[in-house]
Amino acid sequence: MSGGIPDPVIRVRGLVNRFGSQVVHDGLDLDVRRGEIIGVVGGSGSGKSVLMRSIIGLRTPTGGQVEVLGVDALNASEAERLRIERNSGVLFQDGALFSSLTVGENVQVPLKEHQPGLPETLRYELALLKVKLAGLPADAVNKLPSQLSGGMRKRAGLARALAMDPPLLFLDEPTAGLDPIGAAAFDRLVRTLQQALGLTVFLITHDLDTLYAICDRVAVLADKRVIACAPLAEIEQLDHPWVREYFHGPRARAARDTDAGGRTAEASC
Ligand SMILES: Nc1ncnc2c1ncn2[C@@H]1O[C@H](COP(=O)(O)OP(=O)(O)O)[C@@H](O)[C@H]1O
Ligand SMILES: [Mg+2]
């Protein structure tokens with residue numbers, strides 16, 4: 001699938017986001033490379049979710065340029081906007097499943113929207129496939145979100161994000177609220193899917209274990225922009241107050257010491 005996909009897959013330049021007098025982003029630049037898992041970190045309220053919403057077209061930024069899959073996203077035609085949407089799977093911070101629909105029906109929502117001509121049985125089969133791909137048992141397909149554990153709901157959200165076989169996956173705090181074992185399993189799933197399907201993953205997280213376990217590069221949001229975007233080893237060396245506190249506190253040491261994916265309860269609480 002990577003053949004026709006440009007590199008960088010996402011290119012953000014001079015992004016500005018303001019809410020009234022509050023400036024969230026002021027000249028933010030970011031490149032996301034094809035095939036990488038990029039971890040996006042920053043303090044609470046630093047603008048991680050707003051950045052994601054600006055990239056996927058849910059928010060029109062105050063200024064700047066956003067290019068997704070080679071398309072000028074802020075000046076896109078309807079057809080181009082749909083192309084970006086179809087090629088982007090999104091797992092929102094709160095999961096955002098429709099509570100009155102079963103997991104299978106939730107996964108079918110994007111299929112109905114983007115491929116309305118698909119026969120119903122095929123749509124069901126595809127939904128079942130994605131549910132299994134996301135590591136859920138087959139019988140989860142007929143359950144309501146409220147009948148699932150938090151970890152299973154995240155997987156259901158992931159199944160829906162993968163419904164259209166998108167080359168680009170956006171995950172907003174996917175392991176928040178999961179216990180350490182569930183979070184580690186979700187990390188492994190993301191890495192496995194990224195490798196098997198050749199995905200590019202934009203992963204917002206505050207979970208240090210996730211960063212150490214699966215991220216190829218890390219983008220740090222601070223001072224209203226991306227102050228650095230590099231492999232973890234480089235980020236750790238940055239002389240910046242937020243970076244020092246975040247990457248050199250006791251939780252960071254625990255995450256580093258447990259190595260790829262071997263998270264400890266202490267590091268994840
Ligand atoms: N729709 C909105 N209206 C007003 N303020 C908003 C809106 N969305 C986000 N903000 C503000 O923008 C800042 C960044 O938000 P967000 O991107 O959600 O932070 P985080 O990095 O925690 O994901 C916060 O101060 C938030 O209150
Ligand atoms: Mg957020």
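**Strands β1 and β2 and the shell around ligand 1**

In this predicted model, Phe 19 stands opposite Gln 22 in β2. The pair belongs to a hairpin made by β1 and β2, with two residues between the strands. Gly 20 sits in that turn and has a positive phi of about 60°. Beyond the turn, β1 (residues 10-19) and β2 run antiparallel and are joined by eight bridges. β1 also pairs with strand β4 (residues 63-68), again in the antiparallel sense, this time over five bridges. Here Ile 10 stands opposite Val 68 in β4.

The hairpin leads straight on to the ligand. Phe 19 and Gln 22 are both among the residues around ligand 1, and so is Val 24. The rest of the shell is made up of Gly 43, Ser 44, Gly 45, Ser 46, Gly 47, Lys 48, Ser 49 and Val 50. Sorted by character, the shell holds three nonpolar residues, seven polar ones and one charged.

Several of these residues place polar atoms by the ligand's oxygens. A backbone N or O atom of Gly 45 lies 2.8 Å from an oxygen atom of ligand 1, and for a backbone N or O atom of Ser 46 the distance to an oxygen atom is 3.3 Å. Ser 49 uses its side chain instead, with a polar atom 3.0 Å from an oxygen atom of the ligand. On its own, ligand 1 has 560 Å² of accessible area, and the protein covers 58% of that. Two elements, β2 (22-32) and α1 (48-56), give two or more residues each to the shell. α1 gives the most, with three residues.

How values were computed
Residues numbered from 1 in each chain as written. Chains lettered and ligands numbered in written order. Predicted model: local features only at pLDDT ≥ 70, side-chain atom pairs only at ≥ 80, totals over all residues. Heavy atoms only, no water. Near = heavy atom within 4 Å. Polar contact = N/O pair within 3.5 Å; in protein donor to acceptor, adjacent residues only side chain to side chain. Areas by Shrake-Rupley, 256 points an atom, 1.4 Å probe, with all protein chains shown as cover. Helix = DSSP H or I, 4+ residues; strand = E, 2+ residues; numbered from the N terminus. Nonpolar A, V, L, I, M, F, W, Y, C, P; charged D, E, K, R; others polar. Pairing = 2+ DSSP bridges.
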